[in-house]
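Please look over the sequence and the model below before reading on. The text then goes through the structure part by part.

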Amino acid sequence: MIKIENLHKRFKKLQALNNVNVEFSKGQVVSLIGPNGSGKTTLIKSILGLVKPDNGQVLFNGISVDKDINYRKHIGYMPQIGRYPDNMKIGQIFDMIRNLRGKDTKVDEELFYRFKLDTMLDKSMKSLSGGTRQKVSAALAFLFDADVLILDEPTAGLDPVASEILKEKIIAEKAKGKLILITSHILSDLEELTTHVLYLQDGKVVFNKSMLELYEMTGEDKLSRAIAAVMRNEIKEKDVAYLRIAK
Ligand SMILES: Nc1ncnc2c1ncn2[C@@H]1O[C@H](COP(=O)(O)OP(=O)(O)OP(=O)(O)O)[C@@H](O)[C@H]1O
């Protein structure tokens, strides 16, 4: 479904992505993990066409994403920090996005209602708490029932109830065979969702394995311990320290 070939991205002297080659398929929930600054968001933004790679390409269903922008309507994206016009109200944001897509497009409003956004339609975006802003971003990402969901730190800032609602929704969408890419530093949040783990470090893929492979290789049955066990053999002490914190 998504194939990434020889992807390189440099920001001045910093090599943010260094020869990334990966493939993601329907039905997978891929957790992108790695220390701060390892290139997770840059990889996501390259898939979305928001970052232009220096070399390599991203293929969506076999077509290079810089050749045809239409693939974007198959992706629901929840950014790490949602930016919205300050003076718009929640209701206006949803109306605007629905109008842009066309009034007849099928919508999935489950998160909109479960997060009770229907009771806050007149609240302006600038007045929202960080968590409510995250709820708006999540409800928008799932709104058009896209085949692919890309969620950048989706549970960051959500209260425990909202976080569980979102996780339930991700599990339900996974069961429909969607491809879901998630970044998070909260490994316990990823545990019940993930089918595959892609670990990035300094812009390079350190490993890309299914959960089954991870558990078989390590004999562990917890995501954080399994990853730590792989990393102990492959990386420097500072990354094992990252995993201890990320638990
Ligand atoms: N627009 C940009 N201009 C300059 N440097 C950038 C830009 N975007 C990202 N970077 C740098 O590229 C590196 C990778 O950043 P990226 O946001 O992809 O990391 P990340 O793994 O998502 O980090 P985090 O876990 O903190 O969200 C970082 O060193 C970051 O400072």
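What follows covers the annotated domain, the nonpolar cores, the ligand site and one serine.

The model is predicted. An unreviewed UniProt entry places the feature "domain: ABC transporter" at residues 2–227. Over residues 2–227, 32% of the chain is helix and 27% is strand. The C-alpha atoms at the two ends of this stretch are 24 Å apart.

In soluble globular proteins, nonpolar side chains tend to be buried together. In this model the largest nonpolar core has 46 residues. The members that touch the most other members are Phe 94, Leu 117, Val 136, Leu 151, Leu 214 and Ile 227. Helix 4, which spans residues 130–142, supplies the largest share of this core, with six residues. A second core, separate from the largest one, has 25 residues, among them Val 22, Leu 32, Ile 44 and Tyr 71.

Leu 151 can be followed in more detail. Leaving aside residues up to four places away in sequence, Leu 151 touches Met 78, Ala 141 and Phe 142. Its contacts, counted in that way, also include Ile 170, Ile 180, Leu 181, Ile 182 and Thr 183.

The next part of the model to consider is the ligand site. Which residues are the closest to the ligand? Of the 13 residues that surround the ligand, the closest are Gly 37, Lys 40, Thr 41, Thr 42 and His 185. Strand 2 (14–24) and helix 1 (40–48) each contribute at least two residues to the shell around the ligand. Helix 1 gives the most, with three residues.

Three side chains place an N or O atom at a listed distance from a ligand oxygen. For His 185 the distance is 2.8 Å, for Asn 36 it is 2.9 Å, and for Gln 80 it is 3.1 Å. On its own the ligand has 640 Å² of accessible area, and the protein covers 61% of that area.

The last stop is Ser 64, which lies in strand 5 (residues 63–64). Is Ser 64 buried or exposed? Ser 64 counts as buried because its relative accessible area is 7%, and the cut-off for buried is under 20%. The side chain of Ser 64 is joined to that of Asp 66 by a polar contact of 2.6 Å. Not counting residues up to four places away in sequence, Ser 64 touches Gln 57, Val 58 and Leu 59.

Notes. Residues are numbered from 1 along each chain as its sequence is written. This is a predicted model: local features need pLDDT of at least 70, side-chain atom pairs count only at pLDDT 80 or more; totals for chains, interfaces and linings use all residues. Side-chain values use heavy atoms; hydrogens and water are left out. A nonpolar core is a set of buried Ala, Val, Leu, Ile, Met, Phe, Trp, Tyr and Cys residues joined through side-chain atoms within 4.5 Å. Buried means under 20% relative accessible area, exposed over 50%, partly exposed in between (1.4 Å probe, protein chains only). Helices (H or I, at least four residues) and strands (E, at least two) are DSSP runs, numbered from the N terminus. Contact means heavy atoms within 4.5 Å. UniProt positions are given in the numbering used here, feature names are shortened, and annotations may be inferred rather than shown by experiment. A residue is near a molecule or strand if one of its heavy atoms lies within 4 Å of it. A polar contact is a pair of N or O atoms within 3.5 Å; within protein, one must be able to donate a hydrogen and the other to accept it, and residues adjacent in sequence count only if both atoms are side-chain atoms. Accessible areas come from the Shrake-Rupley method with a 1.4 Å probe; for residues, only the protein chains shown count as cover.
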